[in-house]
Amino acid sequence: PHCDTRGLGEEPYNLRVSLFERLVNLHMPFTMLNMQRRMIPRLREILNEFYPGLQDHPVVMKPNARLPVPGMATESFFLHHTWSEGSDEDMSKFNILEAEMIMGFIYYLRMNGVHDSQITVLTFYRGQRKKILAEGRGKLFHTRPFRNVYTVDSYQGEENDIVILSLVRSNDPYKQAQAGFVADQNRGVVSISRARRGFYIF
């Protein structure tokens, strides 16, 4: 669950603790699912820190079940940059240069035959979602706008072949570094576990 009021989400109210977590904490009997059918094994490895016993179902291990992403030499990468973040009128964070880079990457995927329906962009911030959608209507995409951009909170339970994660945050080097929403473990796990074939982090 997501709680907008920080004080209610934490002790003593704990509204961010799910019903399942509460039952486990009360020592109710449970069985943890340990077989995943979504991600290719290389992408599942990213989750090992959180789910060390997670196993791959044979369906994701068949070579023709999850084909490589066209035009990509790797199924995952982390693009590091130092482009500064900004804040919009609602105090939501955005990073315009990161949004432009992501749209350029999507244009490249399109040129390699990937259909828009196979690509999802996730971000932790509504401000960044707006910037990416605006870029998706820009000069590269004027004939067919790109619209598959969601916040992590709204994408729980969903999946796609290719997921691009926009982390947004790039703090001023002279100020205290802040991770923002990515510091929340539940959000973090959702954000890194949606992709079937390709996962790219900016």
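Student: Is arginine 42 buried or exposed?

Tutor: In this predicted model, arginine 42 counts as exposed, because its relative accessibility is 52% and the cut-off for exposed is over 50%.

Student: What does the side chain of arginine 42 meet in a salt bridge?

Tutor: Its partner is glutamate 75, and the N to O distance is 3.4 Å. The two residues belong to distant parts of the chain, 33 residues apart. Arginine 42 sits in helix 3, residues 41-44, while glutamate 75 is in the loop between helix 4 (58-61) and strand 3 (76-78).

Student: Why can two such side chains pair?

Tutor: Side chains of opposite charge can do so when their charged atoms come close.

Student: How many salt bridges does the count come to?

Tutor: The count comes to 12 salt bridges. Among them is the one between lysine 93 and glutamate 85, at 3.8 Å from N to O. Another joins the side chains of aspartate 161 and arginine 196, at 2.9 Å from N to O.

Student: Where do aspartate 161 and arginine 196 lie?

Tutor: Aspartate 161 is in strand 8 and arginine 196 is in strand 9, so their salt bridge ties together parts that are 35 residues apart in sequence. Both aspartate 161 and arginine 196 are buried.

Student: Which residues do salt bridges with shared partners join into one network?

Tutor: The network consists of Arg38, Glu159, Asp161, Arg196 and Arg197.

Student: Back to strand 8, then. How many of its residues are buried?

Tutor: Strand 8 covers residues 160-166, and 7 of the 7 are buried, so this strand is largely enclosed by the rest of the structure.

Student: Which strands pair with strand 8?

Tutor: Strand 6, residues 119-123, pairs with strand 8 in the parallel sense over 5 bridges. Strand 9, residues 195-201, also pairs with strand 8 in the parallel sense, over 5 bridges.

Student: Which residue stands opposite leucine 122?

Tutor: Leucine 122 stands opposite leucine 165 of strand 8. For the pairing with strand 9, valine 163 has phenylalanine 199 as its bridge partner.

Student: A new topic: how many cavities of 30 Å³ or more does the structure hold?

Tutor: The structure holds 1 such cavity. The space in the largest cavity is about 30 Å³. Val163 and Phe199, the bridge partners just mentioned, are both in its lining. The lining also includes Met39, Leu43, Ser191, Ile192, Ser193, Arg194 and Ala195.

Student: And how much space lies in the largest pocket?

Tutor: About 1400 Å³ lies in the largest pocket. There are 38 residues lining that pocket, and the closest to its centre are Phe20, Met32, Tyr51, Asn186 and Val189.

Student: Which helix gives the most to that lining?

Tutor: Helix 7 gives the most, with 5 residues. Helix 2, strand 1 and helix 7 (185-191) each supply at least two residues of the lining.

Student: Phe20 interests me. Which residues make the nonpolar surface patch with Phe20?

Tutor: The patch is made by Phe20 together with Leu19, Leu23, Leu26 and Met28. Its area is about 570 Å².

Student: Where is methionine 28 placed?

Tutor: Methionine 28 is in the loop between helix 2 (19-25) and strand 1 (35-36). With a relative accessible area of 43%, methionine 28 is partly exposed.

Student: Why does methionine 28 count as partly exposed?

Tutor: Its value of 43% falls in between the two cut-offs, because buried means under 20% and exposed means over 50%.

Methods:
Residues are numbered from 1 along each chain as its sequence is written. This is a predicted model: local features need pLDDT of at least 70, side-chain atom pairs count only at pLDDT 80 or more; totals for chains, interfaces and linings use all residues. Side-chain values use heavy atoms; hydrogens and water are left out. Patches are made of residues with over 30% relative accessible area and no salt bridge: like charges are joined within 9 Å, nonpolar side chains (Val, Leu, Ile, Met, Phe, Trp, Tyr) within 5 Å. Accessible areas come from the Shrake-Rupley method with a 1.4 Å probe; for residues, only the protein chains shown count as cover. A salt bridge is a side-chain nitrogen of Lys or Arg within 4 Å of a carboxyl oxygen of Asp or Glu. Helices (H or I, at least four residues) and strands (E, at least two) are DSSP runs, numbered from the N terminus. Buried means under 20% relative accessible area, exposed over 50%, partly exposed in between (1.4 Å probe, protein chains only). Two strands pair if DSSP finds at least two bridges between them. On a 1 Å grid over the protein atoms alone, a cavity is a set of points where a 1.4 Å probe fits but cannot get out, and a pocket is an open set with protein on both sides within 12 Å along at least five of seven lines; lining residues have an atom within 4 Å of a point. Grid points are joined across faces, edges and corners, and a volume is the space filled by probe spheres set on the points.
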